[in-house]
Amino acid sequence: MSNELKAARKPRTLAEPFRIKMVEPLKMTDEKYRLEKLKEAGYNTFLLNSEDVYIDFLTDSGTGAMSDRQWAGIMMGDESYAGARSWLRLEQVVKEMTGMPYVLPTHQGRAAERILYGILGGKDKVFLSNTHFDTTRANIEFTGARAFDLMSPENTDPKTDLPFKGNIDLNQLKEKINEYGADAIAAVVMTVTNNSSGGQPVSMENVRAVREICNQYGIMLVLDGCRIAENSYFIRHREEGYKDVSYKAIAKEMFDMADAFVMSAKKDGLANMGGLLVLRDEALSRKCINMLIISEGFTTYGGLSGRDMEALAAGLEEVFDDGYLHYRIKSTAYLGEGLRAKGVPVVWPIGGHAVYIDAGELYSEIPKDEYPGQALVCDLYVSGGVRSVEVGSVMFGKYDESGKLITAPRELVRLAIPRRVYTQSHVDYVLDVFDDILANRNRTRGLKITYEPPFLRHFTSRFEWL
Ligand code: F0G
């Protein structure tokens with residue numbers, strides 16, 4: 001085709017790079033039914049049964065669809081206790097991907113975190129991160145250590161249009177090291193992509209600078225890289241000098257700078273269950289192996305069955321595929337850009353695995369202590385059977401000594417996209433649901449909590465409309 005013709009052609013539909021071989025039927029419900037189910041669930045979407053959900057955007061974790069190759073691998077799983085063929089395959093894939101010699105399989109990401117941070121942490125220890133994911137923070141704080149998130153204001157502002165809003169703030173990093181002293185810093189943890197800040201990517205330049213600072217002070221650098229392939233996509237397309245570098249090579253360059261890698265394989269592992277703890281240091285790996293054997297399982301299976309390891313080994317290969325990653329990032333952007341075009345305030349630019357809506361702005365009439373994010377979560381479910389999660393004052397709210405709610409800095413709602421599960425017409429349907437949300441946006445009151453547990457309250461709290 002001539003260049004003029006190419007230039008004149010309108011962009012084509014973002015078609016899925018797979019076809020469907022097996023289907024999972026979904027129950028179609030109406031608003032009256034969903035209203036009833038939501039009431040029964042105490043207006044908490046975590047307490048709904050999944051069969052009453054049409055589009056499940058609760059999380060991208062463990063919810064992906066596996067490929068025919070992964071399913072074939074499942075049939076080939078070697079379930080031997082020690083030295084299984086499936087383990088050897090997984091170990092080989094992970095060693096090649098990371099260049100790190102010690103691979104420990106765990107049942108999911110937080111088990112890897114518990115083992116590593118249980119050893120590195122303890123009273124008087126400090127961890128520094130772009131943003132600790134909730135389970136990361138919980139595992140660190142459980143040891144008595146402290147965890148600080150070090151983001152710059154322009155990166156946490158939902159409106160600034162910057163390419164790498166997942167980056168750590170280097171000035172704050174140096175300040176904190178000097179404040180506590182290098183000996184107290186157990187590790188710097190880079191979360192890639194930065195889930196809690198909107199699935200925003202981290203640049204290679206930022207990690208390189210962090211590495212230099214860690215070298216200068218003798219501090220360990222851990223990569224929480226459960227979305228490392230998605231991050232590699234952003235680097236190739238946004239960072240100078242990576243246009244012609246393969247996604248795998250970009251990830252490898254980042255691994256080369258890290259001392260350890262923790263992964264929830266339920267994301268870019270394209271597996272439904274699994275985790276990894278990968279280390280460069282032999283002495284540390286010995287300590288971790290002891291904990292692995294005590295709490296997860298023998299070194300050649302950890303918390304996984306042979307078939308899980310087969311599926312994960314195949315998933316880690318597939319996730320770096322050019323066609324897959326293009327579709328993955330562009331399809332997330334398709335939802336986010338579609339919402340923005342309708343006037344829905346979203347965290348910008350759109351991240352890799354999820355779209356974050358600024359419910360504080362969308363439902364600005366609802367006071368923050370009446371949880372505007374939870375109100376939107378409820379409306380999305382009743383209106384369209386769409387399940388999302390509040391990432392605001394329900395999740396992060398705390399009480400002061402007088403029992404008054406200290407609200408979260410932002411009232412967000414996350415629409416996390418499972419990998420390879422929904423087609424573009426599902427996403428178009430969600431965009432249609434938002435037309436109704438926008439047309440009926442007349443709420444002035446939100447919800448009150450009628451029950452809450454002392455920890456991680458968003459999972460089991462119950463609500464009532466005010
Ligand atoms: N680190 C990050 C950055 C994560 O996003 C998660 C999980 C974990 C660690 C823990 O991994 O669930 O396998 O134990 N994130 C999920 C989410 C739960 O919905 O974002 P896990």
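Which strands and which helix do the buried residues of H8 pack against? We'll get to that under the first heading. One thing to keep in mind throughout: this is a predicted model.

## Helix H8 and its two sides

Let's start with helix H8, which runs over residues 170-180. Its buried residues pack against strand E3 (126-129), strand E4 (146-149), strand E5 (185-191) and helix H9 (204-217). So who are these buried residues? In H8, they are Leu173, Lys176 and Ile177. Look down the axis of H8 and you'll find them within an arc of 100°, so they line one face of the helix. Turn to the other side of H8 and you meet exposed residues instead: Asn171, Glu175, Asn178 and Glu179.

The two ends of H8 are worth a look too. At the N-terminal end, Asp169 acts as a cap, with a side-chain oxygen 2.9 Å from the backbone nitrogen of Asn171. Just after H8 comes Gly181, which takes a positive phi of about 85°.

## Helix H3 against helix H13

Now for helix H3, made of residues 68-75. Which of its residues are buried? Gln70, Gly73 and Ile74 are. They sit on the same side of H3, because the arc they cover around the axis is only 105°. On the other side of H3, Arg69 and Met75 are exposed.

What does the buried side of H3 pack against? Its buried residues pack against helix H13, residues 306-318.

## Two threonines in one loop

Follow the chain back from H13 and you come to the loop that links helix H12 (282-295) to H13, where Thr299 is found. Thr299 and Ile289 are 10 residues apart in sequence, and their C-alpha atoms are 6.8 Å apart in space. Leaving out residues up to four places away in sequence, Thr299 touches Trp87, Pro105, Ile289, Leu292 and Ile293.

Thr300 is found in the loop between H12 and H13 as well. Is Thr300 buried or exposed? It counts as buried, because its relative accessibility is 10%, and the cut-off for buried is under 20%. The side chain of Thr300 has two backbone partners to look for: it reaches the backbone oxygen of Tyr81 at 3.2 Å and the backbone nitrogen of Gly83 at 3.1 Å. With residues up to four places away in sequence left out again, Thr300 touches Tyr81, Ala82, Gly83, Trp87, Pro105 and Met309.

## Around the ligand

Finally, the ligand. How many residues surround it? There are 17, and the closest are Thr59, Arg110, Ser264, Lys267 and Arg414. By type, the shell divides into two nonpolar, eight polar and seven charged residues. Helix H5 (residues 109-120) gives the most to this shell, with three residues.

A few polar atoms can be picked out by distance. Thr59 has a polar side-chain atom 2.7 Å from an oxygen atom of the ligand. For Gly109, a backbone N or O atom lies 2.9 Å from a ligand oxygen. Arg227 has a polar side-chain atom 3.0 Å from an oxygen atom of the ligand. How much of the ligand does the protein cover? On its own, the ligand has 470 Å² of accessible area, and the protein covers 93% of that.

Terms used
Residues numbered from 1 in each chain as written. Predicted model: local features only at pLDDT ≥ 70, side-chain atom pairs only at ≥ 80, totals over all residues. Heavy atoms only, no water. Near = heavy atom within 4 Å. Polar contact = N/O pair within 3.5 Å; in protein donor to acceptor, adjacent residues only side chain to side chain. Areas by Shrake-Rupley, 256 points an atom, 1.4 Å probe, with all protein chains shown as cover. Helix = DSSP H or I, 4+ residues; strand = E, 2+ residues; numbered from the N terminus. Nonpolar A, V, L, I, M, F, W, Y, C, P; charged D, E, K, R; others polar. Buried < 20%, exposed > 50% of the residue type's maximum accessible area, 1.4 Å probe, protein only. Arc of directions from axis to C-beta. Contact = heavy atoms within 4.5 Å.
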